[in-house]
Amino acid sequence: MTSPSLTLGYVPGGTPAKWARIWAERHPKAPLQLRAVAAADAAGALRDGTVDVALLRPPADTSGLAVIPLYEEMTVAVVPTDHLLSAVDTITAADIDGEPVLLPLDDVLSWVGAPGIPVDHRPETTEDAIELVAAGLGALIVPQSLARLHHRKDLTYRPITDAPSCPVALAFLEGQQPPLVEEFI
């Protein structure tokens, strides 16, 4: 007989290590499986049973999901280290007005009226957009964890003081939960 396990999905920039460590200490006979999921696929992974619980940035469609807000993440602008914006510790949205800005197809921010001039080309992923920032094609506005995840020596990021924050939440299917999901919650 196999021991019961629980699968935790997490989006890029999500930090499941703390959760995994605590779970292992409390439930050594019920392993926690970690599964990276694309931000756009996280809700679907819960709905189709690929993961039992997920650390995610809440999607627009949360139907069928219970969502527990965990924290708000700071929004930052990623720019080359020699960019004018790198000379200050923090910036405002007005500082980005007029700047070319990359908008990857997997963008996780919901910032209506975001500053900057969107570049025509939309890179597939945030990681691809980081490459284009390094090539000098524009700035990238992302949650701080994604800037850290894709850190490079030739790039830096600056907090945007008046930008909306990006929520991170724990999500699971609504309704009666299996005991391990209930325990994780």
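Student: Which residues line the largest cavity?

Tutor: A word on the model first: it is predicted, so local features need pLDDT of at least 70 and side-chain atom pairs count only at pLDDT 80 or more, while totals for chains, interfaces and linings use all residues. Residues are numbered from 1 along each chain as its sequence is written, and side-chain values use heavy atoms, with hydrogens and water left out. On a 1 Å grid over the protein atoms alone, a cavity is a set of points where a 1.4 Å probe fits but cannot get out, and a lining residue has an atom within 4 Å of a point. For the largest cavity, the lining is Val 78, Ile 130, Ala 147, His 150, His 151, Arg 152, Leu 155, Thr 156 and Tyr 157.

Student: What is the volume of the largest cavity?

Tutor: The structure holds 1 cavity of 30 Å³ or more. A volume here is the space filled by probe spheres set on the grid points, which are joined across faces, edges and corners. For the largest cavity it comes to about 40 Å³.

Student: Which element gives the most to the lining of the largest cavity?

Tutor: Elements are DSSP runs numbered from the N terminus: helices are H or I with at least four residues, strands E with at least two. By class, the lining divides into 5 nonpolar, 3 polar and 1 charged (nonpolar: Ala, Val, Leu, Ile, Met, Phe, Trp, Tyr, Cys and Pro; charged: Asp, Glu, Lys and Arg; polar: the others, Gly among them). The most, 3 residues, comes from β9.

Student: Which residue in β9 is the bridge partner of Val 79?

Tutor: Two strands pair if DSSP finds at least two bridges between them. β5 and β9 do so over 5 bridges, in the antiparallel sense. Opposite Val 79, the partner in β9 is Thr 156.

Student: Which strands stand at the edges of the open sheet?

Tutor: The open sheet has 5 strands with mixed pairing, in the order β7-β6-β8-β5-β9. Each edge strand has a single partner, so one side of it is left without a neighbour in the sheet. The edge strands are β7 (117–118) and β9 (155–159).

Student: Which residues lie closest to the centre of the largest pocket?

Tutor: A pocket is an open set of points with protein on both sides within 12 Å along at least five of seven lines. About 500 Å³ of space lies in the largest one. Among the 26 residues lining it, the closest to the centre are Ala 39, Arg 57, Asp 106, Asp 107 and Val 108.

Student: How do the residues of that lining divide into nonpolar, polar and charged, and what are the counts?

Tutor: Several elements take part: α4 (126–134), α5 (144–149) and β10 (166–173) each supply at least two residues. The counts for the lining of the largest pocket are 17 nonpolar, 5 polar and 4 charged.

Student: Which residue in β10 stands opposite Ala 54?

Tutor: Ala 54 belongs to strand β3 (residues 53–56), whose two faces are covered: Val 53 and Leu 55 on one side and Ala 54 and Leu 56 on the other are all buried (under 20% relative accessible area with a 1.4 Å probe, protein chains only; over 50% is exposed, and in between is partly exposed). β3 pairs with β1 (residues 6–10) in the parallel sense over 3 bridges, and Leu 8 stands opposite Val 53. 3 bridges also join β3 to β10, which run antiparallel. There, the residue opposite Ala 54 is Ala 171.

Student: Why is the pair of Trp 19 and Phe 184 classed as it is?

Tutor: Rings of Phe, Tyr and Trp (its six-membered ring) pair if their centres lie within 6.5 Å; planes under 30 degrees apart count as stacked, over 60 as edge-to-face and the rest as tilted. The whole structure has 2 aromatic pairs. The centres of Trp 19 and Phe 184 are 5.6 Å apart and the planes stand at 25 degrees, so the pair is stacked.

Student: How many residues apart in sequence are the parts that Trp 19 and Phe 184 tie together?

Tutor: Trp 19 is partly exposed at 24% relative accessible area, whereas Phe 184 counts as buried at 9%. Trp 19 lies in helix α1 (residues 17–26) and Phe 184 in helix α6, so the separation of these parts, in residues, is 165.

Student: Which residues form the aromatic cluster?

Tutor: Trp 23 and Phe 184 have ring centres 5.7 Å apart and planes at 45 degrees, so that pair is tilted. Both of these residues are buried. The one aromatic cluster is formed by Trp 19, Trp 23 and Phe 184.

Student: What is the mean pLDDT of the chain?

Tutor: pLDDT is the predictor's confidence in each residue, from 0 to 100. Among the elements, helix α6 (residues 179–184) has the lowest mean, 90, and strand β5 (residues 75–80) the highest, 98. In the chain, 98% of residues reach 70 or more, and the mean is 92.
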